[in-house]
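Visitor: I would like a close look at one part of this model, the part towards the end of the chain, and then its setting in the rest. Please keep to what can be computed from the atoms or read from a record.

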Amino acid sequence: MADHSFDVVILGGGSGGYAAALRSAQLGKTVALVEKDKLGGTCLHRGCIPTKALLHSAEIADNTREAENFGINASFHSVDMPKVNTYRDGIVDKLFKGLTGLVNSKDITVVPGEGRLTGPKTITVNGDNYTGTNLVLATGSYSKSLPGLEISGRVITSDHALKLEFVPKSVIVLGGGVIGVEFASIWRSFGAEVTIIEGLPHLVPNEEEVISKALERAYRKRGIDFKLGVRFSSVEQTESSVTAVLEDGTRVEAELMLVAVGRGPNTVGFGYEEQGLQMDRGWVLTNDRLETNLPGVYAAGDIVPGVQLAHRGFQQGIFIAEDIAGLKPAVIDEDGIPKVTYCEPEIASVGLSEAKAKEKYGAENVSSYEYNLAGNGKSQILGTAGFIKLVRKVDGPVVGVHMIGSRVGEQIGEAQLIVNWEAYPEDVAALVHAHPTMNEAIGEAHLALAGKPLHAHA
Ligand SMILES: Cc1cc2nc3c(=O)[nH]c(=O)nc-3n(C[C@H](O)[C@H](O)[C@H](O)COP(=O)(O)OP(=O)(O)OC[C@H]3O[C@@H](n4cnc5c(N)ncnc54)[C@H](O)[C@@H]3O)c2cc1C
């Protein structure tokens with residue numbers, strides 16, 4: 001048993017934790033980073049990166065099937081899942097090596113093992129105590145299930161889905177949120193029959209309703225089935241199949257069922273409650289500077305209530321490091337965090353929905369505009385449908401950008417600058433967008449909202 005002292009001790013080496021470690025080290029602090037599994041956490045090993053690699057393989061499968069439409073003679077034979085997985089693992093391994101090298105080069109002490117909060121400023125790992133002037137808790141999240149729904153056999157979570165060595169013939173996806181629609185998209189492109197079950201009235205219920213409806217149209221066209229506004233009741237499994245029974249009596253049978261009903265905070269068993277940390281149903285509560293009720297103890301990432309996204313975790317980690325170093329960073333505006341769902345077609349949004357903007361500013365003070373990608377040359381070349389919806393304060397800045405269409409995720413960069421820098425449509429309309437790009441559609445939408453449409457009817 002040994003005692004070690006650092007300026008900053010961080011529990012969890014995922015997006016939130018390692019960002020706090022890197023920024024603290026840059027700012028001259030001594031840092032210990034406790035990680036029980038692998039640096040990079042969910043995002044790198046079981047989340048963002050592996051799923052996006054699968055989605056890229058899925059896009060290639062679709063492109064091959066549709067090659068003839070573009071005058072290319074090619075035929076789609078099958079998906080070699082072990083090879084897809086090798087490609088995916090190659091990406092993850094490379095990024096993991098890069099991250100490990102980066103952390104090591106910064107003189108950060110990585111402590112392998114499970115840590116526990118054992119004092120107001122102490123984390124204990126394998127009997128050794130690591131005391132920090134400041135602590136950062138960033139222990140991440142886990143795939144939730146529903147009461148009575150056991151994850152076993154043919155009922156799996158995204159962790160299992162990423163390890164599959166085969167393409168299932170049919171899948172039930174329980175939950176039409178981000179993770180559910182992304183896996184539905186992957187499996188459909190790989191040739192599976194997919195049925196999504198969502199208890200709320202729409203897929204991606206956290207997006208603008210027009211976006212949800214557009215995704216539903218696109219999924220219908222792709223042959224992805226979905227049952228909306230009906231709740232799951234129970235599950236039955238046999239040797240060869242799984243059946244979801246819904247509250248209206250409908251039965252859906254498939255080879256596998258993915259449970260994608262959200263992620264819960266991973267906060268049990270680490271001494272949080274014993275040390276008097278203020279929590280709500282497992283979430284760690286913080287003030288807007290991400291400090292918990294325990295002085296000098298901060299929390300970052302998925303354990304803090306809010307959108308569970310890697311880049312939010314990064315930003316929070318950086319914020320905490322700067323706050324600890326006395327740099328007084330500006331509080332992160334949660335509404336300004338960009339969100340991308342990487343299904344086909346992609347969805348990207350930032351800022352307020354029209355409904356939320358009306359709630360905040362009054363209906364008469366909000367206007368919106370939808371620019372259809374039918375008028376955008378590059379979208380036609382790619383063969384994608386979709387639109388960009390802008391929400392603005394009347395005579396004021398753009399407060400929300402909502403997009404759907406192939407590759408629109410790549411447009412979120414400009415959209416988030418517009419919203420976060422509180423640009424007026426007139427400001428954006430005056431900037432030149434390159435032709436022919438999909439990005440041009442953002443320029444066109446702002447031209448129209450500024451009252452001078454070019455390739456659009458106002
Ligand atoms: C399938 C899937 C797809 C996703 N896709 C995206 C995406 O495209 N874009 C996006 O922005 N987000 C995506 N996410 C979400 C993203 O992965 C998370 O928001 C992000 O990883 C949260 O970072 P974190 O640091 O809070 O937690 P995590 O990344 O979960 O890291 C927590 C770390 O803490 C470690 N740990 C936990 N407890 C202890 C302990 N007691 N002692 C030591 N170590 C401990 C864990 O091993 C882990 O490494 C996806 C998630 C999933 C599941």
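Visitor: Over residues 337–445, what percentages of the chain are helix and strand, and how far apart are the end C-alpha atoms?

Guide: The model is a predicted one, in which local features need pLDDT of at least 70 and side-chain atom pairs count only at pLDDT 80 or more, while totals for chains, interfaces and linings use all residues. Residues are numbered from 1 along each chain as its sequence is written.

Over residues 337–445 the chain is 31% helix and 28% strand, with 21 Å between the end C-alpha atoms. Helices (H or I, at least four residues) and strands (E, at least two) are DSSP runs, numbered from the N terminus. In UniProt, an unreviewed entry gives residues 337–445 the annotation "domain: Pyridine nucleotide-disulphide oxidoreductase dimerisation". UniProt positions follow the numbering used here, feature names are shortened, and annotations may be inferred rather than shown by experiment. The domain assignment of the chain, for its part, gives domain 3 as 345–449; such bounds come from an automatic or database domain assignment.

Two cis peptide bonds can be described here. One joins Glu344 and Pro345, with omega about 0°, and Pro345 lies in the loop between β20 (339–341) and β21 (346–351). The other joins His435 and Pro436, with omega about -5°; Pro436 belongs to the loop between α12 and α13.

Helix α13 (residues 440–449) is mostly covered, with 10 of its 10 residues buried. A residue counts as buried if 20 or more other C-beta atoms, placed from the backbone, lie within 10 Å of its own, as exposed if 12 or fewer do, and as partly exposed in between. The buried residues of α13 include Glu440, Glu444 and His446 as well as Ile442, Leu447 and Leu449. They pack against β22 (366–372), α10 (377–382), β23 (387–393), α11 (412–420) and α12 (425–429), where contact requires C-beta atoms, placed from the backbone, within 7 Å. After α13 comes Gly451, with a positive phi near 85°.

Glu422 also has a positive phi, about 55°, although it is not a glycine. It sits in the loop between α11 and α12. Glu422 is classed as partly exposed because 13 other C-beta atoms lie within 10 Å. Lys328 offers a similar case: phi is positive, about 50°, and the residue is not a glycine. Lys328 is in the loop between α8 and β20, and it is classed as exposed because 8 other C-beta atoms lie within 10 Å.

Now for the rest of the chain. The same unreviewed UniProt entry type assigns "domain: FAD/NAD(P)-binding" to residues 6–317. That stretch is 32% helix and 27% strand, and its end C-alpha atoms are 17 Å apart.

There are 37 residues around the ligand, and Gly12, Gly14, Gly41, Gly140 and Gly301 come nearest; a residue is near a molecule if its C-beta atom, placed from the backbone, lies within 6 Å of it. Elements giving two or more residues to this shell are α1 (15–26), β2 (31–35), α2 (41–46), α3 (48–65) and α8 (310–324). Of these, α2 gives the most, four residues. By class the shell has 10 nonpolar, 20 polar and seven charged residues. Here Ala, Val, Leu, Ile, Met, Phe, Trp, Tyr, Cys and Pro count as nonpolar, Asp, Glu, Lys and Arg as charged, and the others, Gly among them, as polar.

The assignment also gives domain 1 (3–142 + 264–334) and domain 2 (155–261). Their C-alpha centres lie 27 Å apart. Their contact takes 12 residues from domain 1 and 13 residues from domain 2. On the domain 1 side, α3 and α4 (81–105) each give two or more residues, and the largest share, seven residues, comes from α3. That side has eight nonpolar, two polar and two charged residues.

Definitions and conventions:
Two residues are in contact if their C-beta atoms, placed from the backbone, lie within 7 Å.
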